[in-house]
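Student: Could you take me through the aromatic rings in this one, up close? I'd like to see who sits against whom.

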Amino acid sequence: MVDLDLHSLARQLGSCNNYGSIYRGRQLHILFLKSGVLHSVLSIGNRLLQMYSRCNSMREAQQLFEEMPKRNCFSWNTMIEGYLKSGSKGKSLELFDSMPHKDAFSWNVVISGFAKEGDLEVARRLFNEMPWKNGIAWNSMIHGYACNGRPKEAVGLFKDLSLNPLERLCGDTFVLATVVGTCTNLGALDCGKQIHARIVVDEVEFDSVLGSSLVNLYGKCGDIDSANHVLNLMKEPDAFSLSALISGYASCGRMNDARRIFCLKSSACVVLWNSMISGYVANNEALEALELFNNMRRYGVQEDYSTFASVLSACSTLGIIDQGKQVHAHVYKVGFTNDIIIDSALVDMYSKCRRPDDACKVFSDLQAYDTILLNSMITVYSNCGRIDDARQIFETMPSKSLISWNSMIVGFSQNGCPIEALDLFCEMNKLGLRMDKFSLASVISACASISSLELGEQIFARATIIGLEFDQIISTSLVDFYCKCGLVEHGRKLFDRMMKSDEVPWNSMLMGYATNGHGIEALNVFDQMRSVGVQPTDITFVGVLSACDHCGLVEEGRKWFYAMKLDYHINPGIEHYSCMVDLYARAGLLEDAMNLIEQMPFKADTSMWSSVLRGCVAHGNNILGKKVAKRIIDLDPENSGAYVQLSGIYATFEDWGRSAQVRKLMYDKKIPKVPGCSWADSLTS
């Protein structure tokens with residue numbers, strides 16, 4: 001009866017599996033010690049060792065181990081595994097080396113333990129010393145190499161296994177699945193096909209794990225027909241296999257085939273729904289993605305972080321802020337708000353939907369960040385003019401990527417801080433950091449802002465040294481740079497010989513001509529752009545209307561202003577209205593200018609009213625001029641130009657009293673008249 005009770009108590013040790021239950025384990029230890037069975041029954045000692053190891057109390061385990069009169073392989077293996085799991089790799093290895101008789105489990109424990117920890121040199125040494133290697137050891141090493149960024153060594157080790165005539169483990173399905181997965185990560189389709197051929201020749205049993213890895217290999221490497229063939233060979237394809245094939249079809253743009261595979265499962269799990277939704281997003285079919293998400297909710301399938309990330313990306317693509325906010329509310333409701341992937345997607349969604357304040361609000365509520373999220377916030381803050389906040393994030397980032405540096409340089413350039421952009425570029429150079437086309441293009445744009453010809457050409461020389469002189473992004477920045485330095489001919493020569501794969505270089509050349517007063521040439525570029533099938537954008541039309549403005553082409557400007565919406569489905573922005581108001585005012589069509597201001601969906605700023613005022617002065621419409629000047633003063637009480645023009649208008653009417661009164665008002669308010677000036681940049685070394 002006593003023996004039965006002791007064995008019953010020994011089984012209770014199995015329930016002591018965390019530090020909170022160690023007190024019960026210690027009581028049982030004392031009981032076994034007092035009863036005298038601890039040193040006479042080896043299995044009791046081994047169970048106690050297991051208990052202390054599970055409870056992460058290796059000090060007590062070691063003490064018991066040293067007191068045990070007899071030990072077997074199980075005792076040694078328990079201690080070795082316990083030390084490995086507690087992070088004491090050195091102690092584990094020391095114990096393994098002193099172990100008198102090692103069995104297969106002993107070798108497997110240390111090899112897999114060190115491989116999982118990424119200590120591959122030690123793992124490989126032990127693997128090489130192992131007298132009889134089994135499937136677990138081979139798989140641990142191959143998997144260790146694959147998971148620690150050394151896929152070539154993983155494939156190389158499998159080749160060693162294949163070439164060894166004494167080894168019969170090439171047919172181990174876990175080993176094969178691991179090496180096929182490694183080929184997938186490498187994009188090594190040919191190597192994966194060779195392994196598949198070996199599987200067929202050796203008549204390896206085709207289980208779901210191996211089948212899934214092959215489907216994933218072919219799907220991700222673009223061999224969709226082979227992926228489909230493997231899937232058809234599987235008796236019951238699992239969700240992972242179907243998901244891999246759906247993703248493969250999606251990556252090739254074959255969404256109808258992806259939907260067909262999706263519909264094979266009558267009750268699809270969240271993995272399959274996610275594959276379809278992300279596939280639609282990747283293929284610019286965001287509306288279909290949102291529709292599928294709504295169906296998913298109707299079927300009662302629980303979303304995960306991947307679902308929300310894809311759906312928020314769809315909202316970003318479409319710019320649908322209302323739908324994005326609904327998804328945000330649902331994310332909050334189901335408790336995914338502290339997931340960094342979803343937080344990044346929310347910031348990106350609000351930013352792309354032109355709601356930077358909401359993006360900043362999301363960021364301010366976060367508790368954890370990664371480099372990708374911080375990079376996004378540098379861009380968000382820069383886009384809404386909060387350059388100091390962007391700088392603070394950059395300077396306090398624990399780990400900066402190349403994107404971090406590029407985002408900050410672009411932020412400085414966009415916010416009128418070209419000197420800071422150049423300083424940051426110089427710091428990159430001093431630190432020996434790698435630069436790419438985005439770094440160089442951004443800093444060339446900064447040079448363009450200050451018309452620093454010499455420095456810009458030095459940076460282009462740097463681009464040439466690293467082989468980027470023919471890159472479209474660099475070339476486009478140079479076109480813009482030369483035009484802003486007044487060297488339009490240089491810009492045109494570069495433009496004529498560069499590759500033009502989209503509208504960006506065309507816009508740069510067109511704007512370059514327009515801002516330098518070459519309106520006819522700008523319109524010729526616009527004609528060439530359309531003749532080669534490049535679709536104009538809102539930036540294109542800013543250049544076109546500026547060109548018409550400079551040349552006084554009223555009817556041409558009017559035609560393209562209304563064609564924007566009718567023919568190209570682009571809603572005119574405030575920049576387009578400003579160009580048209582200035583064009584009308586210069587031509588003396590002041591009534592048309594005023595009508596346009598009244599009709600536009602924006603509030604006119606001082607710049608737009610100043611255009612009208614200049615038109616009034618030039619064409620002698622003093623009555624309207626007085627009204628406009630007073631409007632400017634109301635909007636900007638410090639605007640000296642409006643006071644001067646208003647004073648001049650009164651003088652034209654020979655109303656000397658009011659003219660003097662306006663001048664006195666300027667004096668009393670201490671508003672200085674801005675003197676005329678010229679500016680030139682001189683670069684000193």
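Tutor: Let's start with a working rule: a charge sits over a ring if NZ of Lys or CZ of Arg is within 6 Å of the ring centre and within 35 degrees of the ring normal. Keep in mind that this is a predicted model. Arg 530 fits that rule, lying over the face of Phe 526 at 4.6 Å from the ring centre. Phe 526 also has aromatic company: together with Phe 541, Trp 560 and Tyr 568 it forms one aromatic cluster. Another charge of this kind is Arg 71, which lies over the face of Phe 65, 4.2 Å from the ring centre.

Now for rings against rings. With centres within 6.5 Å as the pairing cut-off, the count is 17 aromatic pairs. Take Phe 394 and Trp 405: their ring centres are 5.1 Å apart and the planes meet at 85 degrees, so this pair is edge-to-face. Phe 394 belongs to helix α24 (residues 387-396) and Trp 405 to helix α25 (residues 402-414), so the pair ties together parts 11 residues apart in sequence. Phe 394 is buried at 5% relative accessibility, and Trp 405 counts as buried with 7%.

Further along, Phe 561 and Tyr 577 make an edge-to-face pair, 5.2 Å centre to centre with 75 degrees between the planes. Here helix α34 (residues 554-568) supplies Phe 561 and helix α35 (residues 574-586) supplies Tyr 577, so the contact ties together parts 16 residues apart in sequence. Phe 561 is buried at 3% relative accessibility, while Tyr 577, with a relative accessible area of 11%, is buried too.

Technical notes: Residues numbered from 1 in each chain as written. Predicted model: local features only at pLDDT ≥ 70, side-chain atom pairs only at ≥ 80, totals over all residues. Heavy atoms only, no water. Phe/Tyr/Trp six-rings, centres within 6.5 Å; stacked < 30°, edge-to-face > 60°. Helix = DSSP H or I, 4+ residues; strand = E, 2+ residues; numbered from the N terminus. Buried < 20%, exposed > 50% of the residue type's maximum accessible area, 1.4 Å probe, protein only.
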